[in-house]
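Thank you all for making the time this morning. I would like to walk through one model, going from a single helix outwards to the whole chain and then back to a few individual residues.

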Amino acid sequence: MALKTGIAKRLTAPGLSARAVALELLSQVLDGGIPLDEAWANHPGIGGLSEPDRAFARHLAATTLRRLGQIDALIDACLNKPLAKRAQDVRYVLRIGIAQLLFLETPAHAAVDIAVKLTDVYGFQAQKGFVNAVLRRLANEGPAMIAGQDVARLNTPDWLWQSWCAAYGEETARGIATAHLGEPPLDITVKTDSLSSPESWAKKLDGVLLPNGSVRRTKGGKVDGLPGFKEGAWWVQDAAAALPAVLFGDVKGKRVIDLCAAPGGKTAQLIDRGAAVAAVDRSEGRLKVLRNNLARLGFKAETVAADAIDWRPDHPADAVLLDAPCSATGTLRRHPDIARLKSAADVASLAARQRELLQAAAEMVRPGGLLVFCTCSLQPEEGPGQIEAFLKEHADFERQRLAGDDVCRIDAWLTAEGELRTLPCHLAEQGGMDGFFAARLRRIR
């Protein structure tokens with residue numbers, strides 16, 4: 001990476017060090033191709049930050065990624081000529097300065113002053129006047145400039161924009177892109193044997209009850225400090241992610257295989273509904289997370305560390321849930337780095353693996369049993385395209401169309417083919433939801 005990193009951990013001024021961490025996280029994502037969660041987990045400067053500064057650094061990095069197209073357009077509008085190659089890295093200082101100034105409501109004097117200090121810290125002394133001039137100009141003119149921007153289009157890479165327009169139409173594509181600009185709320189699934197109902201937990205957690213029974217909390221705070229967490233009364237799970245596991249209907253007493261199961265939200269749902277679950281994941285590290293999550297909830301499952309393409313159960317199962325690895329473009333509210341790290345080529349590669357996994361999953365289902373395939377992707381190649389290709393090649397399976405009762409009587413979540421399709425702009429007035437696709441198939445022989 002061209003930008004000097006590792007400087008943040010040596011800084012002691014709280015406001016400066018938090019912003020330096022955010023700056024280095026951005027460089028690791030955009031220059032190094034490292035996912036934001038991974039960069040965050042491994043950054044040496046985070047340990048020295050206070051809890052509020054840690055939260056701010058993460059929020060600043062994520063906000064800059066969400067608004068990157070807008071921010072870069074604002075920078076370019078302030079240039080008389082393109083930045084010289086040797087000065088390109090100063091763009092990172094400008095990016096986080098603009099994010100604070102125009103999107104996080106940081107006072108102008110503070111945003112500008114710290115940006116100038118960062119310019120000095122990272123060795124861009126020759127650009128201090130330039131950074132100061134750009135940010136002061138945007139402090140005055142920025143809001144008017146933003147009002148004239150095509151926000152949805154600027155913040156969406158071309159390959160995603162074209163894909164979404166083709167699949168959903170431009171109006172819906174704009175709704176999706178707009179939904180990605182906000183911080184996602186915290187969604188919670190409550191255990192059925194919890195001492196209180198979801199309605200009661202909504203009150204205890206200062207949240208609201210969503211149509212599917214998830215509890216949504218919009219206020220911040222550490223998850224493990226919330227009421228009911230240590231007692232194992234609930235687990236964190238986006239409302240959309242909570243839909244596929246219920247498509248099996250009554251699973252009490254049935255044997256269900258959960259493929260690509262970690263971190264275990266769907267496994268927990270299936271156990272909570274009375275199923276005997278085998279949770280399969282090829283990552284032992286991720287399975288450890290799953291086991292810890294289940295232990296907190298008081299749940300037990302058979303866990304298998306194996307690649308689902310190669311592994312087979314001793315006996316076919318009553319039901320198989322395949323939450324296939326995907327581009328995760330339906331989760332950009334939570335992972336804004338995905339838009340900058342993934343490409344159409346990645347989608348094609350992931351789709352090929354999904355086809356193999358779907359074939360493997362089909363071999364695990366008994367005749368008469370159900371197979372639910374789902375992805376947290378908005379790309380048609382990773383959803384309906386998979387199912388159409390599968391059914392053409394497998395006369396022993398049929399699509400079992402979903403109906404209103406399967407999707408909480410929300411017709412917008414149903415496709416014409418009877419499959420589940422949620423979009424980030426769904427439930428927009430309540431904070432949106434992840435983009436998910438799911439199809440239910442029955443083995444007929």
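Let me begin with helix H9, residues 158-168, whose buried residues are Trp159, Leu160, Trp161, Ser163 and Trp164. Please keep in mind throughout that what you see is a predicted model. The buried residues of H9 pack against four other helices that you can pick out on the screen, namely helix H8 (151-154), helix H10 (170-179), helix H14 (338-341) and helix H15 (344-362). Just after H9 comes glycine 169, which takes a positive phi of about 90 degrees.

H9 also brings us to the interior space of the model, since a search of the whole structure finds one cavity of 30 Å³ or more. The volume of the largest cavity is about 130 Å³, and of the 14 residues that line it, the closest to its centre are Arg66, Asn155, His180, Leu332 and Ala339. Which elements each supply at least two residues of this lining? They are H3, H9 and H14. Sorted by class, the lining of the largest cavity consists of nine nonpolar, three polar and two charged residues.

Let me stay for a moment with H3, because threonine 63, with a relative accessible area of 8%, falls under the 20% limit and is therefore buried. Threonine 63 sits in helix H3, which covers residues 51-66, and a polar atom of its side chain lies 2.8 Å from the backbone oxygen of histidine 59. If we leave aside neighbours within four places in sequence, threonine 63 is in contact with Phe103 and Leu104.

I would next like to turn to arginine 333, which is placed in the loop between strand S8 (317-323) and H14. Is this arginine 333 buried or exposed? Its relative accessible area is 1%, so arginine 333 is buried. A polar atom of the arginine 333 side chain lies 2.9 Å from the backbone oxygen of glycine 431. Beyond its neighbours within four places in sequence, arginine 333 is in contact with a long list of residues, including Arg66 and His180, both of which we have just met among the residues closest to the centre of the largest cavity. The contacts of arginine 333 also include Asp238, Pro424 and a run that takes in Gly431, Gly432, Met433 and Asp434.

The loop between S8 and H14 holds another residue that I would like to point out, alanine 328. Alanine 328 has a positive phi of about 60 degrees although it is not a glycine, and, with a relative accessibility of 14%, it counts as buried. A further positive phi in a residue other than glycine, near 55 degrees, is found at aspartate 206, which is located in the loop between helix H11 (198-204) and strand S2 (208-209). Aspartate 206 has a relative accessibility of 41% and so counts as partly exposed.

One more backbone feature deserves a mention, namely the peptide bond from alanine 262 to proline 263, which is cis, with omega near 10 degrees. Proline 263 lies in the loop between strand S5 (255-259) and H12.

H12 leads us on to the second largest pocket, which contains about 300 Å³ of space. It is lined by 18 residues, and those closest to its centre are Thr189, Asn212, Val246, Gln269 and Arg273. The elements that give two or more residues to this lining are strand S1 (186-190) and helix H12 (265-272). By class, the lining of the second largest pocket divides into eight nonpolar, six polar and four charged residues.

Finally, let me step back to the protein chain as a whole, which has 16 helices and twelve strands. Its C-alpha atoms fill a box of roughly 75 × 45 × 40 Å, taken along the principal axes. For 445 residues, a compact globule would have a radius of gyration near 22 Å, and the chain has 23 Å, so the two agree. Of those 445 residues, 54% are buried, and among contacts between residues at least 6 apart in sequence, 70% join residues at least 24 apart. I will stop there and take questions.

Terms used. Residues numbered from 1 in each chain as written. Predicted model: local features only at pLDDT ≥ 70, side-chain atom pairs only at ≥ 80, totals over all residues. Heavy atoms only, no water. 1 Å grid on protein atoms, 1.4 Å probe; cavity = no way out; pocket = protein on both sides within 12 Å on 5 of 7 lines; lining within 4 Å. Points joined across faces, edges and corners; volume = space filled by probe spheres on them. Nonpolar A, V, L, I, M, F, W, Y, C, P; charged D, E, K, R; others polar. Buried < 20%, exposed > 50% of the residue type's maximum accessible area, 1.4 Å probe, protein only. Polar contact = N/O pair within 3.5 Å; in protein donor to acceptor, adjacent residues only side chain to side chain. Contact = heavy atoms within 4.5 Å. Rg over C-alpha atoms; globule rule 2.2 N^0.38 Å.
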